[in-house]
Amino acid sequence: IQETLCNGELGKAMVLYGPLRSGKSSICTNFVEHHILFDRHARRPIWGILYSLINAQWDNEESIFSELAGRFCKKFVAQFQLTAPRWQDYEESDPQDRFRLLVQECVAQVPHSRLILVLDEFGGAIESFENKTLPFRFFTFWRELLYEVPQLSLLFALPTSAYNLLSSTKFSNVFSFAQNVKVRYLDEIGAQQLLVDPLREQHIEVHPTTEALARRLTGGSPYYMTMLGQQLIELLNRDVYRQLITDDELLAIVEQIIQENTGNNFDFLKLELQNDEEHRILEAIVELTWQIKQSKVQSKVIADRLKRSMSIYEVRQHLDRLRDGLILDEIGPRSNPYYSFKIELVRRWLLRHREFFAA
């Protein structure tokens, strides 16, 4: 992200997408707060602002642009100790025109800088459009702004469900100017940095098999890896003499998470599933893995379970979509692969809380 948005003579745009609870907001926050660095080659300052549209489902353009302008000017003043214009200083009635002029006036004072505008939870804007509050021109505005302000780079972050709509014929090629980047879960090194290193700084060791178990349970999801880390900290606060975390402690924490019925930590599935067929497929996988006492099941077995409501071809189509959406993992030969939950902790929670499928 840093190389694409910060380097080069002209600003660029990226769309960062992935399932809910995959760490997109954390990536955006850390990028703006810690990884926007001074470009030593261009000898220019690089600054950025993060604005979340998570609660914008009913917001209009005036509301969004006026609040964004306030955040923008506050960051500009803090960054450069220069005077920023005010939203109310402009006579233009069109909020797009006012925001465009405000951005241009600010960057004109630091012409050699690079501005990174991060619009997190951009799915909120799409919901507002579907609620007939935001006009379609709100989405075409960003291409225009990027071309009119060469110092500007844009980063849009949104969940897979909203990205699918953004990629549909309804929006045609509105965001074709942006590079699409799919969020991937943590690898072994990333998982260690997130879970093990902070504990090691407190002189607490995590057994190597336990670290591997944590990766398997979370699938490398930063959200669930952080959840396990928080629960481990609570455990350590209760047992201040403990210096080693083993599988027993980790599994006890997982059981506690499942028993507490913390549905808010798992309800992302309701938004990520696109139809009833995907809902039934996940339910079938949960039931089948419980019956065979394994965490994975073959596609033909799943199709046989659902043959009264879906053809084998339809089942495979939905399994492919769930795999691409980072909900399922595919293992083995393409002719008859095994499928398992990308995040094993989610499967275990669903196994305990079958009411999810009845909702």
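In the predicted model, Asn-336 touches Gln-298, Ser-299 and Lys-300 when residues up to four places away in sequence are not counted. Asn-336 is placed in the loop between β9 (328-331) and β10 (338-341), and, with a relative accessibility of 14%, Asn-336 counts as buried because the limit for that class is under 20%.

Two further loop residues were examined for their backbone geometry. His-203, in the loop between α8 (188-201) and β6 (205-206), has a phi near 65 degrees, which is a positive value in a residue other than glycine. Lys-293, found in the loop between α13 (276-292) and β8 (296-298), likewise has a positive phi, near 60 degrees, and is not a glycine. Most residues other than glycine have a negative phi. With regard to accessibility, His-203 is exposed, its relative accessible area being 64%, and Lys-293 is also exposed, with a value of 62%.

Strand β2 (residues 46-52) has five of its seven residues buried, and β2 is therefore largely enclosed by the rest of the structure. This strand runs parallel to β3 (residues 114-120), to which β2 is joined by seven bridges, and in this pairing Ile-46 stands opposite Arg-114 of β3. Asp-120 also belongs to β3; despite its charged side chain, Asp-120 is buried, with a relative accessible area of 4%. Once neighbours within four places in sequence are left aside, the contacts of Asp-120 comprise Ser-25, Cys-28, Leu-50, Tyr-51, Ser-52, Leu-53 and Ala-157. One of these partners, Cys-28, is 92 residues from Asp-120 along the chain, yet the C-alpha atoms of the two residues are separated by 7.2 Å.

In soluble globular proteins, nonpolar side chains tend to be buried together. In this model the largest nonpolar core contains 54 residues, and those with the most contacts inside this core are Leu-282, Ile-302, Leu-328, Val-346 and Leu-350. The greatest contribution to the largest core comes from helix α10 (residues 222-238), which supplies seven residues. A second core, separate from the largest one, has 53 residues, including Phe-65, Ala-84, Phe-138 and Ala-162. The surroundings of Leu-328 were considered with its neighbours within four places in sequence left aside, and on that basis Leu-328 is in contact with Leu-282, Ile-285, Leu-319, Leu-322, Arg-323, Tyr-339, Ser-340, Phe-341 and Lys-342.

Empty space within and around the protein was examined next. The largest pocket has a volume of about 950 Å³ and is lined by 39 residues, among which Leu-20, Arg-21, Ser-22, Lys-24 and Glu-121 lie nearest the centre of the pocket. Two or more lining residues are given by each of α2 (24-35), α5 (123-130), α7 (160-166), α8, α10 and α12 (268-272), and of the contributing elements α10 gives the most, with six residues. By residue class, the lining of the largest pocket divides into 16 nonpolar, 15 polar and eight charged residues.

The second largest pocket, for which the computed volume is about 290 Å³, is lined by 16 residues, and the closest of these to its centre are Leu-199, Gln-202, Gly-229, Ile-233 and Leu-236. The elements that give two or more residues to the lining of this second pocket are α8 and α10, with α10 giving the most, namely seven residues. The lining of the second largest pocket consists of nine nonpolar, five polar and two charged residues. Helix α10 thus gives the most to the largest nonpolar core, to the lining of the largest pocket and to the lining of the second largest pocket.

As for enclosed space, the count comes to one cavity of 30 Å³ or more, and the largest cavity holds about 50 Å³ of space. Pro-19, Tyr-185, Phe-268, Leu-269, Leu-326, Ile-327, Phe-341, Lys-342, Ile-343 and Val-346 line this cavity, and its lining divides into nine nonpolar residues, no polar residues and one charged residue. Within that lining, Phe-341 and Lys-342 are also contact partners of Leu-328, while Val-346, another lining residue, is among those with the most contacts inside the largest nonpolar core.

Definitions and conventions. Residues are numbered from 1 along each chain as its sequence is written. This is a predicted model: local features need pLDDT of at least 70, side-chain atom pairs count only at pLDDT 80 or more; totals for chains, interfaces and linings use all residues. Side-chain values use heavy atoms; hydrogens and water are left out. A nonpolar core is a set of buried Ala, Val, Leu, Ile, Met, Phe, Trp, Tyr and Cys residues joined through side-chain atoms within 4.5 Å. Buried means under 20% relative accessible area, exposed over 50%, partly exposed in between (1.4 Å probe, protein chains only). Helices (H or I, at least four residues) and strands (E, at least two) are DSSP runs, numbered from the N terminus. Contact means heavy atoms within 4.5 Å. On a 1 Å grid over the protein atoms alone, a cavity is a set of points where a 1.4 Å probe fits but cannot get out, and a pocket is an open set with protein on both sides within 12 Å along at least five of seven lines; lining residues have an atom within 4 Å of a point. Grid points are joined across faces, edges and corners, and a volume is the space filled by probe spheres set on the points. Two strands pair if DSSP finds at least two bridges between them.
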